[in-house]
Amino acid sequence: MDYEWKLEDKRLRILFDETSRSLLVHDKRCGKVWSQQPVDESLTLEGVTQEGNKLQVKLRGEFVMTATIELTEASELSVTLKAERNASCEAIRFPSAFRTPDSRHAIVQTDSQGLLLPAEDLFYPLEEQPLFFCGGGGAMAWAGVVDEELESGYMAIVETPYDAAFSFERDEEGLINFAPVWYGTMGEFGYERKVTYVFFDRGGYVAQCKRYRAYSWPKNGIRTLRENEERFPALEKMLGCVHMYVWDGAREIEFARGLKEAGIEKALILWDANHLPYPEPGYDDRLKELGYGTGAYELFTDIHPEDFTDIHSDNSVREDIPLKRNVYPGKFEEIVSRKADGSTYSNSYGTYVCPEAVRPEMFKRVERELEEYNHETYFLDVYQANGLYECHNPEHRLSRQQYAEAILRNCELLEERYGTYLGGEFGADFAAKHGLFAHGMMTLQRTFFGSEITHKGTIHYYGDWKNNPRPSVMLGTRTASDTYLKYAINEYTRVPLYELVYHDAVVTSWRWEDGNHHCPEIWWKKDLFNILYGTAPLWSIDQDRWEIFEVNFIESYNNVCPWLGQICRDEMIAHRFVSADRKVQESRFSSGRRAVVNFGEDPYEFEGRTVQPRGFITLQD
């Protein structure tokens with residue numbers, strides 16, 4: 001390639017080639033060269049100008065746009081796209097992907113908690129999904145690449161994330177690489193789009209996480225858990241404890257007293273009002289007397305049409321389930337979100353509600369519920385997990401960014417009016433300011449949903465919701481599938497990306513149908529990940545689960561929760577693989593405390609101490 005344009009400082013040399021409309025980045029610190037794939041031929045070059053370390057590149061596709069390519073004072077590469085706001089736009093793919101150099105690299109994937117996906121992996125789903133969607137989009141607005149020494153690499157931070165995705169693809173050599181995709185907003189280009197590339201000669205995925213932390217905390221207004229404890233004193237009961245969903249008879253206060261007598265000193269106890277039986281009025285007050293945190297599952301995103309025939313999911317009032325979450329009788333047309341063609345968004349659980357339109361109905365239900373159940377927190381299902389949508393309902397039109405802002409406004413009002421702190425499904429970081437716990441982040445979602453657990457009739461099947469008081473998806477046990485073992489629970493590829501960014505702001509755990517105990521043969525392994533990452537165990541139980549596995553529950557609690565109590569407010573400052581096979585790993589926290597875990601089958605000597613097989617030690621600097 002004939003590179004005609006150059007941006008350079010003491011760390012980087014960046015060349016732009018007019019023919020391919022692509023970049024080559026030479027990292028002078030380590031000699032690494034990152035080259036982009038050619039831009040799609042539908043995007044043509046109309047001119048280039050340069051001023052200092054900044055290029056203005058004029059491009060024409062379906063409309064004319066200008067790309068500002070700048071080598072910043074921080075030795076980072078920023079690319080900003082500008083065009084006429086009202087230009088008709090479906091999707092733009094620029095800049096193109098940087099090539100992953102060879103198979104001795106991994107993709108730093110921010111799906112859920114995070115993993116290092118081998119660049120030559122052939123199975124992992126790579127479908128393009130918007131950011132903040134738990135079925136394939138990143139929980140955080142970045143992705144990266146790192147070498148096998150876990151030192152050099154690069155990351156891409158999407159600074160305009162609401163109408164954006166990463167497109168992951170395998171190139172002609174079978175290696176995975178990725179590039180940003182910019183979606184139109186309400187059918188138009190709308191506003192400037194920006195991505196920043198940061199190149200590293202050392203530090204690997206930990207350095208990438210810390211760079212994103214420095215960017216995301218001020219952008220998203222993140223507060224530490226300590227700061228939030230001043231706003232919500234009840235938050236203390238959620239920290240350093242087990243998070244627990246109770247079903248059927250486990251919703252009786254006597255069950256909670258039995259937990260306390262068994263030594264479960266701290267717990268956040270939640271229940272789902274879509275399912276019977278309801279606890280007795282005043283249940284929360286009785287739990288508080290035991291010192292437990294109290295709360296409930298809540299859902300403001302789904303509705304069913306009035307003529308929906310499934311008796312478990314219709315949009316009508318049922319006297320036996322008075323607080324049913326997706327019931328808004330007579331409000332379907334008023335509050336539903338609509339696509340540009342007038343159709344609705346939906347999945348197997350319901351039709352999507354507009355977060356702006358549902359607000360008055362939301363408060364009606366909360367206020368009715370708090371008369372009998374004085375919750376300290378709500379787990380808000382779906383808001384952080386389902387992605388962001390445009391609402392074209394003429395009565396409450398919202399762009400994706402406005403959709404996100406409406407969600408945040410709903411969270412703010414719940415906090416302000418009722419003094420409740422909030423948690424959520426998944427951990428989309430645009431809402432991290434209002435999601436102080438995030439259930440599901442420990443579960444790597446892409447391969448969890450796509451594995452054999454969804455195949456009814458197999459030994460892996462995770463169950464269904466048909467038995468209202470006792471949904472088997474929540475209460476059964478199952479065998480981990482090969483896919484689950486390869487990705488979701490694989491210590492060789494998993495890394496705590498989210499914790500390195502948000503550990504001292506958000507408490508994370510497994511999904512409620514993927515709790516520590518759901519696959520008993522790997523219960524020990526999930527506990528070790530909780531210890532290593534400083535995250536909360538999650539139990540979804542009834543009396544039968546407790547009676548069958550009581551000894552295991554108590555052992556799990558005693559292994560994990562006292563340690564969490566020591567580090568749950570700390571920043572995670574580092575994580576590393578200690579042994580070459582990655583079976584032994586260490587995490588460090590800002591208090592000077594450290595955890596070393598051994599996923600292997602042999603003892604390991606570490607700083608004069610023995611880490612037993614399937615065991616752990618904790619240290620204090």
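This is a short dialogue between a student and a tutor about reading features in a predicted model.

Student: Let's begin with strands. How do β6 and β7 pair, parallel or antiparallel?

Tutor: Here is the general idea: strands of a sheet pair through backbone hydrogen bonds, either parallel or antiparallel. In this model, β6 (residues 54-60) and β7 (residues 64-71) are antiparallel, with 7 bridges. To find the register, look at Lys54, which stands opposite Glu70 in β7. The two strands make a hairpin, with 3 residues between them.

Student: Which strand does β7 pair with besides that, and what is the bridge partner of Met65?

Tutor: β7 also pairs with β8 (residues 77-83), in the antiparallel sense and over 7 bridges. Met65 has Ala83 in β8 as its bridge partner. The β7 and β8 hairpin has 5 residues between its strands.

Student: Which residue in that hairpin has a positive phi?

Tutor: That is Ser75, in the loop between β7 and β8. Its phi is about 60°, although Ser75 is not a glycine. Ser75 counts as buried because its relative accessibility is 9%, under the 20% cut-off. Asp248 also has a positive phi, of about 55°, without being a glycine. You will find Asp248 in the loop between β18 (242-246) and α3 (253-261). With a relative accessible area of 21%, Asp248 is partly exposed.

Student: While we are on the backbone, where are the cis peptide bonds that join Phe94 to Pro95 and Leu276 to Pro277?

Tutor: Read omega for these. The bond between Phe94 and Pro95 is cis, with omega about 0°, and Pro95 lies in the loop between β9 and β10. Leu276 and Pro277 are also joined by a cis bond, at an omega of about -10°. Pro277 belongs to the loop between β19 (267-272) and α4 (283-289).

Student: Now a sheet as a whole. What is the order of the strands in the open sheet of 4 strands?

Tutor: The order is β29-β30-β31-β34, with antiparallel pairing. β29 (572-577) and β34 (615-620) are at the edges with a single partner strand each, so one side of each has no neighbour in the sheet. On average, neighbouring strands are turned by 15° against each other, direction ignored.

Student: How many bridges join β31 to β34, and which helices pack on this sheet?

Tutor: There are 6 bridges between β31 (residues 593-598) and β34, and Val597 stands opposite Phe616 in β34. Helix α12 (residues 523-533) lies across β29, β30, β31 and β34, running at about 155° to β31. Helix α13 packs on the sheet too, touching β30, β31 and β34, and its direction makes about 150° with that of β31.

Student: Is Trp546 in α13 buried or exposed?

Tutor: Trp546 lies in α13 (residues 543-567), and it is buried, at 8% relative accessibility. Leaving aside neighbours within four places in sequence, its contacts include Phe255, Leu259, Ile264 and Phe553. The C-alpha atoms of Trp546 and Ala250 are 9.0 Å apart, although 296 residues separate them along the chain.

Student: What do the nonpolar cores look like?

Tutor: In soluble globular proteins, nonpolar side chains tend to be buried together. The largest core here has 174 residues, and Phe94, Tyr205, Tyr212, Phe430 and Tyr502 touch the most other members. Helix α7 (residues 400-418) gives the largest share, 9 residues. A second, separate core of 29 residues includes Phe255, Leu259, Ile264 and Trp271.

Student: And the aromatic pairs: how many are there?

Tutor: The structure holds 47. Take Phe98 and Phe199: the ring centres are 5.9 Å apart and the planes are at 85°, so this pair is edge-to-face. Phe98 is in the loop between β9 (91-92) and β10 (105-109) and Phe199 is in strand β17 (residues 193-200), so the pair ties together parts 101 residues apart in sequence. Both of these residues, Phe98 and Phe199, are buried. They belong to an aromatic cluster that also includes Trp34, Tyr154 and Phe166.

Student: Which rings have a charge from Lys260 or Arg417 over them?

Tutor: Lys260 lies over the face of Tyr292, 4.9 Å from the ring centre. The charged end of Arg417 sits over the ring of Phe363, at 3.9 Å from its centre.

Key: Residues are numbered from 1 along each chain as its sequence is written. This is a predicted model: local features need pLDDT of at least 70, side-chain atom pairs count only at pLDDT 80 or more; totals for chains, interfaces and linings use all residues. Side-chain values use heavy atoms; hydrogens and water are left out. Buried means under 20% relative accessible area, exposed over 50%, partly exposed in between (1.4 Å probe, protein chains only). Contact means heavy atoms within 4.5 Å. Two strands pair if DSSP finds at least two bridges between them. Rings of Phe, Tyr and Trp (its six-membered ring) pair if their centres lie within 6.5 Å; planes under 30 degrees apart count as stacked, over 60 as edge-to-face and the rest as tilted. A charge sits over a ring if NZ of Lys or CZ of Arg is within 6 Å of the ring centre and within 35 degrees of the ring normal. Axes are lines fitted to C-alpha atoms, for helices over the stretch in contact, and angles run from 0 to 180 degrees between N-to-C directions. A nonpolar core is a set of buried Ala, Val, Leu, Ile, Met, Phe, Trp, Tyr and Cys residues joined through side-chain atoms within 4.5 Å.
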